[in-house]
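Trainee: Please take me closely through one part of this model, the charged side chains and the sheet and helix that lie around them. I would like one connected account rather than a list.

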Amino acid sequence: MVTLAEVAQHAGVSASTVSYVLSGKRSISAATRHRVELSIRELGYHPNAGARALASSRSNIIALMIPLRTDLYVPVMMEIAIAVATSARTHGYDVLLLTGEEGPDAVRRVAGSGLADGMILMDVELDDERLPLLQAADQPSVLIGLPAETAGLTCVDLDFRATGALCVEHLAAQGHRDIAVIGEAPAVYERHTGFAERTLDGLRSRARELDVRLLHRPCQGGYDAVAVTLARILDERPGTSGLVVQNESAVEPLLALLRQQGRAVPEDMSVVAICPDQVATQSSVRLTSVAVPAQEMGRRAVEHLVAKLGGQDGDEVVLLPPELTVRASTGPAPSRA
């Protein structure tokens, strides 16, 4: 391992000068700083993380709180997490991943221990118990998600309310007057998870404006649960000709069930999904969909947190506009005899 003293000798400066260059605690001339930085690169010197944290009161670590629940589609959550980690490294930060369902206790632990310089929270609920502690903590924070009240918070999210509205608009423009929503698992709505509640709000509001009948049914993932949910929808609303699916685990079972019932997609039933492009394009029918911009959300969250760590003031809400891509799963509503 290369030592600080060896860097100093290589650069022809004192060890304290190298330390000041690393910590930024004292003003060093541009020429000397350049010489030290060149020696650091040539020798492959990496400062001891513990010593650097003590010297600078910074850990250069971002805590990412991402509860991995069985009722959410984990691949999307992990895609966001990977985007956060990749973007953080470009800014010189490592990521501490907290995957448990500790809630406020996790915020207390990070805030009280100095484990991380800042926090990014995911799986945000409308009335999230973590938020009062987060606002009282010294560390800057960013939410990937939108609570009911955003004052004093920095949030990044897809505009899920506009997403729901866009799905209804697309189907209504094709003549569909009876639309059903196959939603997330019931527990997601019981927790009042922000993205699910806001999507439902957008669906319902736009349906009322366009005089479209809308039926929403939560659904566990898996073939049996989707079969029960689809049967319930068609029993309650036999004239349903459009489906909006916000549940990635339900997509393929739904398409299989429609085939078994002799319902052609999109001739008999149009399907719009809110899901990653990979899910939409690799399904047995290429789905018309609104993409979840996981990578963009993760990158934007890191950029806002790094700006706050750099001393920039101001909280804001960044809502990414939804984009609907038309594929093979939607078409004109079937004519009714």
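**Charged pairs, the sheet and one helix**

Mentor: In this predicted model, E125 and R69 form a salt bridge in which the closest N and O atoms are 3.9 Å apart. The pair links distant parts of the chain, for E125 sits in the loop between β3 (118-121) and α7 (131-136), while R69 sits in the loop between β1 (61-65) and α5 (74-90), 56 residues apart. Both E125 and R69 are buried.

A second pair has another setting: R108 forms a salt bridge with D105, with 2.8 Å between the closest N and O atoms. R108 and D105 are 3 residues apart in helix α6 (residues 104-113), so about one helical turn separates them. In general, an α-helix has 3.6 residues a turn, so residues three or four places apart point the same way. R108 is partly exposed, with a relative accessible area of 46%, and D105 is also partly exposed, at 48%.

In a third salt bridge the side chains of E236 and R217 meet at 2.6 Å, N to O. Because E236 lies in helix α11 and R217 in strand β7 (residues 213-217), this pair ties together parts that are 19 residues apart in sequence. Here E236 counts as partly exposed at 34% relative accessibility, whereas R217 counts as buried at 16%. Returning to the loops, salt bridges that share partners join R69, D71, D123, E125 and R191 into one network, and the model as a whole has 18 salt bridges by this rule.

R237 is a useful contrast, being buried yet without a salt bridge: the nearest side chain of opposite charge, D178, is 4.2 Å away, whereas the cut-off for a salt bridge is 4 Å. R237 is placed in the loop between α11 (223-236) and β8 (242-245). Leaving aside residues up to four places away in sequence, R237 touches D178, R213, L214 and L215.

Now to the sheet, which is open and consists of 6 parallel strands in the order β2-β1-β3-β4-β5-β11. The edges are held by β2 (94-98) and β11 (317-320), each with a single partner strand, so one side of each is left without a neighbour in the sheet. Direction ignored, neighbouring strands of this sheet are turned by 20 degrees against each other on average. Between β1 and β2, which run parallel, there are 5 bridges, and L64 stands opposite L97 in β2.

Helix α6, which holds the pair R108 and D105, packs on this sheet, touching β1, β2 and β3, and its direction makes about 175 degrees with that of β1. In α6 the residues P104, A106, V107 and V110 are buried. Seen down the axis of α6, its buried residues fall within an arc of 160 degrees, so they line one face of the helix. The elements that cover those buried residues include β1, β2, β3 and α7. Just after α6, G114 takes a positive phi of about 70 degrees.

Another helix on the sheet is α14 (residues 294-309), which lies across β1, β3, β4 (141-144), β5 (155-158) and β11 and runs at about 165 degrees to β4.

Terms used. Residues are numbered from 1 along each chain as its sequence is written. This is a predicted model: local features need pLDDT of at least 70, side-chain atom pairs count only at pLDDT 80 or more; totals for chains, interfaces and linings use all residues. Side-chain values use heavy atoms; hydrogens and water are left out. Helices (H or I, at least four residues) and strands (E, at least two) are DSSP runs, numbered from the N terminus. Buried means under 20% relative accessible area, exposed over 50%, partly exposed in between (1.4 Å probe, protein chains only). Lys and Arg count as positive and Asp and Glu as negative; His and the chain ends are not counted. Contact means heavy atoms within 4.5 Å. Two strands pair if DSSP finds at least two bridges between them. Axes are lines fitted to C-alpha atoms, for helices over the stretch in contact, and angles run from 0 to 180 degrees between N-to-C directions. The arc is that of the directions from the helix axis to the C-beta atoms.
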